Amino acid sequence: AYMLKWHDQEGFLAGVPALTESADAGYAPSQYELGTLYMEGKLGKNKASEAFHWLRKGADQDYPPALHNLGFLVQMRCMDPIRGNVNKPKIPGTLLFDNDLRWDCYDAGNRLILQAAEGGFAPSQHSVGATLLREGNREKAKPWLRLAARQGYKKAIDDYEKYFGKPEP
(Lines give C-alpha, C1' and ligand atoms only; values in the text may rest on other atoms or scores of the structure.)
Protein backbone atom coordinates (compact mmCIF):
# COMPACT_ATOMS: atom_id res chain seq x y z
CA ALA A 1 0.00 0.00 0.00
CA TYR A 2 2.85 2.36 0.83
CA MET A 3 4.56 1.92 -2.55
CA LEU A 4 1.30 2.41 -4.44
CA LYS A 5 0.87 5.78 -2.74
CA TRP A 6 4.48 6.96 -3.18
CA HIS A 7 4.07 9.21 -6.22
CA ASP A 8 2.64 12.33 -4.59
CA GLN A 9 3.25 13.96 -1.21
CA GLU A 10 -0.27 13.46 0.09
CA GLY A 11 -0.29 9.81 -0.97
CA PHE A 12 3.22 9.35 0.38
CA LEU A 13 2.19 10.52 3.84
CA ALA A 14 -0.98 8.44 3.68
CA GLY A 15 1.15 5.37 2.94
CA VAL A 16 3.47 5.76 5.93
CA PRO A 17 1.13 3.98 8.41
CA ALA A 18 1.01 0.91 6.13
CA LEU A 19 4.79 1.02 5.80
CA THR A 20 5.17 1.29 9.57
CA GLU A 21 2.78 -1.62 10.11
CA SER A 22 4.83 -3.75 7.72
CA ALA A 23 8.06 -2.70 9.45
CA ASP A 24 6.55 -3.50 12.87
CA ALA A 25 5.66 -6.95 11.52
CA GLY A 26 9.37 -7.55 10.84
CA TYR A 27 9.57 -7.11 7.06
CA ALA A 28 13.17 -6.02 6.42
CA PRO A 29 12.49 -4.08 3.18
CA SER A 30 9.88 -1.98 5.02
CA GLN A 31 12.26 -1.44 7.94
CA TYR A 32 14.89 -0.25 5.47
CA GLU A 33 12.45 2.04 3.66
CA LEU A 34 11.11 3.56 6.88
CA GLY A 35 14.61 4.01 8.31
CA THR A 36 15.74 5.66 5.10
CA LEU A 37 12.82 8.08 5.15
CA TYR A 38 13.78 9.10 8.68
CA MET A 39 17.47 9.31 7.71
CA GLU A 40 16.67 11.59 4.77
CA GLY A 41 14.51 13.86 6.94
CA LYS A 42 11.31 13.08 5.01
CA LEU A 43 9.44 12.25 8.22
CA GLY A 44 10.76 15.17 10.25
CA LYS A 45 14.11 16.67 11.11
CA ASN A 46 16.54 15.30 13.66
CA LYS A 47 15.14 11.79 13.54
CA ALA A 48 18.46 9.92 13.60
CA SER A 49 17.34 7.70 16.49
CA GLU A 50 14.24 6.57 14.56
CA ALA A 51 16.34 6.04 11.44
CA PHE A 52 18.81 3.99 13.43
CA HIS A 53 16.05 1.93 15.05
CA TRP A 54 14.52 0.84 11.75
CA LEU A 55 17.75 0.42 9.80
CA ARG A 56 19.24 -1.65 12.64
CA LYS A 57 16.20 -3.96 12.55
CA GLY A 58 16.65 -4.50 8.81
CA ALA A 59 20.41 -4.89 9.21
CA ASP A 60 19.90 -7.49 11.94
CA GLN A 61 18.16 -9.56 9.26
CA ASP A 62 21.22 -9.12 6.98
CA TYR A 63 19.20 -7.04 4.51
CA PRO A 64 21.95 -5.43 2.39
CA PRO A 65 20.22 -2.08 1.69
CA ALA A 66 19.60 -1.61 5.43
CA LEU A 67 23.22 -2.50 6.22
CA HIS A 68 24.35 0.02 3.62
CA ASN A 69 22.28 2.94 4.92
CA LEU A 70 23.01 2.06 8.54
CA GLY A 71 26.71 2.20 7.70
CA PHE A 72 26.35 5.70 6.29
CA LEU A 73 24.19 6.81 9.21
CA VAL A 74 26.83 5.58 11.68
CA GLN A 75 29.51 7.48 9.75
CA MET A 76 27.51 10.70 9.35
CA ARG A 77 26.23 10.93 12.91
CA CYS A 78 29.19 9.26 14.63
CA MET A 79 26.81 6.75 16.19
CA ASP A 80 27.53 3.58 18.08
CA PRO A 81 26.72 0.88 15.47
CA ILE A 82 25.05 -1.41 18.02
CA ARG A 83 23.12 0.89 20.36
CA GLY A 84 22.71 3.91 18.12
CA ASN A 85 23.57 6.53 20.70
CA VAL A 86 25.56 9.45 19.34
CA ASN A 87 29.15 9.44 20.52
CA LYS A 88 29.75 12.58 22.53
CA PRO A 89 32.52 15.01 21.66
CA LYS A 90 35.40 15.21 24.09
CA ILE A 91 34.94 18.96 24.45
CA PRO A 92 31.51 19.61 26.02
CA GLY A 93 29.32 22.07 24.15
CA THR A 94 31.07 21.59 20.80
CA LEU A 95 30.44 19.53 17.72
CA LEU A 96 34.12 18.65 17.47
CA PHE A 97 35.04 15.00 17.81
CA ASP A 98 38.59 13.91 18.30
CA ASN A 99 40.19 12.21 15.31
CA ASP A 100 40.25 8.77 16.95
CA LEU A 101 36.52 8.84 17.63
CA ARG A 102 35.73 10.05 14.10
CA TRP A 103 37.90 7.27 12.69
CA ASP A 104 36.10 4.69 14.86
CA CYS A 105 32.74 5.85 13.47
CA TYR A 106 34.04 5.78 9.91
CA ASP A 107 35.50 2.31 10.39
CA ALA A 108 32.33 0.95 12.03
CA GLY A 109 30.24 2.30 9.15
CA ASN A 110 32.63 0.78 6.61
CA ARG A 111 32.24 -2.65 8.23
CA LEU A 112 28.46 -2.46 7.77
CA ILE A 113 28.84 -1.30 4.16
CA LEU A 114 31.31 -4.14 3.49
CA GLN A 115 28.79 -6.62 4.89
CA ALA A 116 26.18 -5.26 2.46
CA ALA A 117 28.70 -5.47 -0.41
CA GLU A 118 29.41 -9.08 0.45
CA GLY A 119 25.64 -9.62 0.34
CA GLY A 120 25.64 -8.51 -3.30
CA PHE A 121 24.31 -4.95 -2.95
CA ALA A 122 25.71 -2.94 -5.88
CA PRO A 123 25.76 0.50 -4.18
CA SER A 124 27.79 -1.00 -1.33
CA GLN A 125 30.12 -2.78 -3.74
CA HIS A 126 30.70 0.55 -5.44
CA SER A 127 31.23 2.29 -2.11
CA VAL A 128 33.83 -0.28 -1.04
CA GLY A 129 35.59 0.01 -4.40
CA ALA A 130 35.52 3.81 -4.34
CA THR A 131 36.90 3.86 -0.80
CA LEU A 132 39.74 1.55 -1.82
CA LEU A 133 40.48 3.82 -4.77
CA ARG A 134 40.66 6.85 -2.47
CA GLU A 135 43.06 4.90 -0.28
CA GLY A 136 45.22 4.17 -3.34
CA ASN A 137 44.48 0.45 -3.50
CA ARG A 138 43.47 0.04 -7.14
CA GLU A 139 43.89 -3.73 -7.27
CA LYS A 140 41.53 -4.38 -4.34
CA ALA A 141 39.08 -1.78 -5.70
CA LYS A 142 38.84 -3.33 -9.15
CA PRO A 143 36.83 -6.49 -8.30
CA TRP A 144 34.34 -4.54 -6.18
CA LEU A 145 33.75 -2.00 -8.93
CA ARG A 146 33.46 -4.81 -11.49
CA LEU A 147 30.81 -6.59 -9.39
CA ALA A 148 28.71 -3.43 -9.10
CA ALA A 149 29.23 -2.52 -12.77
CA ARG A 150 28.04 -5.97 -13.85
CA GLN A 151 24.78 -5.24 -12.03
CA GLY A 152 24.39 -2.08 -14.09
CA TYR A 153 25.20 0.35 -11.26
CA LYS A 154 26.02 3.55 -13.15
CA LYS A 155 28.50 5.06 -10.68
CA ALA A 156 30.47 1.81 -10.66
CA ILE A 157 30.47 1.63 -14.45
CA ASP A 158 31.78 5.20 -14.64
CA ASP A 159 34.49 4.63 -12.03
CA TYR A 160 35.53 1.31 -13.54
CA GLU A 161 35.88 2.86 -16.99
CA LYS A 162 37.77 5.85 -15.58
CA TYR A 163 40.36 3.73 -13.77
CA PHE A 164 40.41 0.39 -15.58
CA GLY A 165 38.79 0.76 -19.01
CA LYS A 166 35.62 -0.89 -20.22
CA PRO A 167 34.27 -3.46 -17.72
CA GLU A 168 34.69 -7.09 -18.74
CA PRO A 169 31.42 -8.97 -19.28
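**Entry 1. Terms and overview**

I began by fixing what an element is: helices are DSSP runs of H or I with at least four residues, strands are runs of E with at least two, and both are numbered from the N terminus. I note at the outset that this is a predicted model.

I then looked up the make-up of the protein chain, and I found 8 helices and 0 strands. Read from the N terminus on, the order of the elements is α-α-α-α-α-α-α-α. I recorded that the protein chain has 169 residues, of which 42% are buried. Turning to contacts with a separation of 6 or more, I noted that 46% of them join residues 24 or more positions apart.

**Entry 2. Asp80**

I next located Asp80, which is in the loop between α4 and α5 (99-118). Is Asp80 buried or exposed? I found a relative accessible area of 13% for Asp80, and this residue is therefore buried, since the cut-off is under 20%. I also looked up its distance to Gly109: the C-alpha atoms of Asp80 and Gly109 are 9.4 Å apart, while the two residues are 29 residues apart in sequence.

**Entry 3. Helices α2 and α3**

I took up the packing of helix α2 (residues 28-39) against helix α3 (residues 48-60), whose axes come within 7 Å and cross at roughly 155 degrees. An angle over 145 degrees counts as roughly antiparallel, and α2 and α3 are therefore roughly antiparallel to each other. I recorded the crossing of α2 and α3 as left-handed.

Which residues of α2 and α3 meet? On the α2 side I listed Ala28, Gln31, Tyr32, Leu34, Gly35, Thr36, Tyr38 and Met39. On the α3 side I listed Glu50, Ala51, Trp54, Leu55, Lys57 and Gly58. Sorted by class, the contact of α2 with α3 holds 8 nonpolar, 4 polar and 2 charged residues.

**Entry 4. Helices α2 and α4**

I turned to the packing of α2 with α4, where the axes are 10 Å apart and the angle is about 25 degrees. Angles under 35 degrees count as roughly parallel, and α2 is therefore roughly parallel to α4. The crossing of α2 and α4 is left-handed.

I wrote down the residues in this contact: Tyr32, Thr36 and Met39 come from α2, and Pro65, Ala66, Asn69, Leu73 and Met76 come from α4. By class, I found 6 nonpolar, 2 polar and no charged residues in the contact of α2 with α4. I note that Tyr32, Thr36 and Met39 also appear in my list for the contact of α2 with α3.

**Entry 5. Aromatic pairs**

I looked up the aromatic rings next. A pair of aromatic rings is described by the distance of the centres and the angle of the planes. How many aromatic pairs are there? I recorded 3 aromatic pairs.

The rings of Tyr32 and Tyr63 have centres 6.0 Å apart and planes at 65 degrees, so I entered this pair as edge-to-face. Tyr32 is in helix α2 and Tyr63 is in the loop between α3 and α4 (64-77), so that this pair links distant parts of the chain, 31 residues apart. I found that Tyr63 is partly exposed, with a relative accessible area of 24%.

I next took Tyr160 and Phe164, an aromatic pair that is tilted, with 5.2 Å from centre to centre and 45 degrees between the planes. These two residues are 4 residues apart in helix α8 (residues 154-164), so about one helical turn separates Tyr160 from Phe164. I found both Tyr160 and Phe164 buried. Tyr160, Tyr163 and Phe164 form one aromatic cluster.

**Entry 6. Helix α6**

I looked up two residues of this helix. I placed Thr131 in helix α6 (residues 122-134). Thr131 is buried, with a relative accessible area of 8%. Leaving aside neighbours within four places in sequence, I found Thr131 in contact with Tyr106 and Asn110.

I placed His126 in helix α6 as well. With a relative accessible area of 11%, His126 is buried. With neighbours within four places in sequence again left aside, I found His126 in contact with Leu145, Ala148, Tyr153, Lys155, Ala156 and Asp159.

**Entry 7. Asp62**

I closed with a backbone angle. Most residues other than glycine have a negative phi. I found a positive phi of about 60 degrees for Asp62, although this residue is not a glycine. Asp62 is placed in the loop between α3 and α4.

Conventions:
Residues numbered from 1 in each chain as written. Predicted model: local features only at pLDDT ≥ 70, side-chain atom pairs only at ≥ 80, totals over all residues. Heavy atoms only, no water. Axes fitted to C-alpha atoms, helices over the stretch in contact; angles between N-to-C directions. Parallel < 35°, antiparallel > 145°, perpendicular 65-115°, else oblique. Left-handed = near helix turned anticlockwise from the far one by under 90°. Contact = heavy atoms within 4.5 Å. Nonpolar A, V, L, I, M, F, W, Y, C, P; charged D, E, K, R; others polar. Phe/Tyr/Trp six-rings, centres within 6.5 Å; stacked < 30°, edge-to-face > 60°. Buried < 20%, exposed > 50% of the residue type's maximum accessible area, 1.4 Å probe, protein only.
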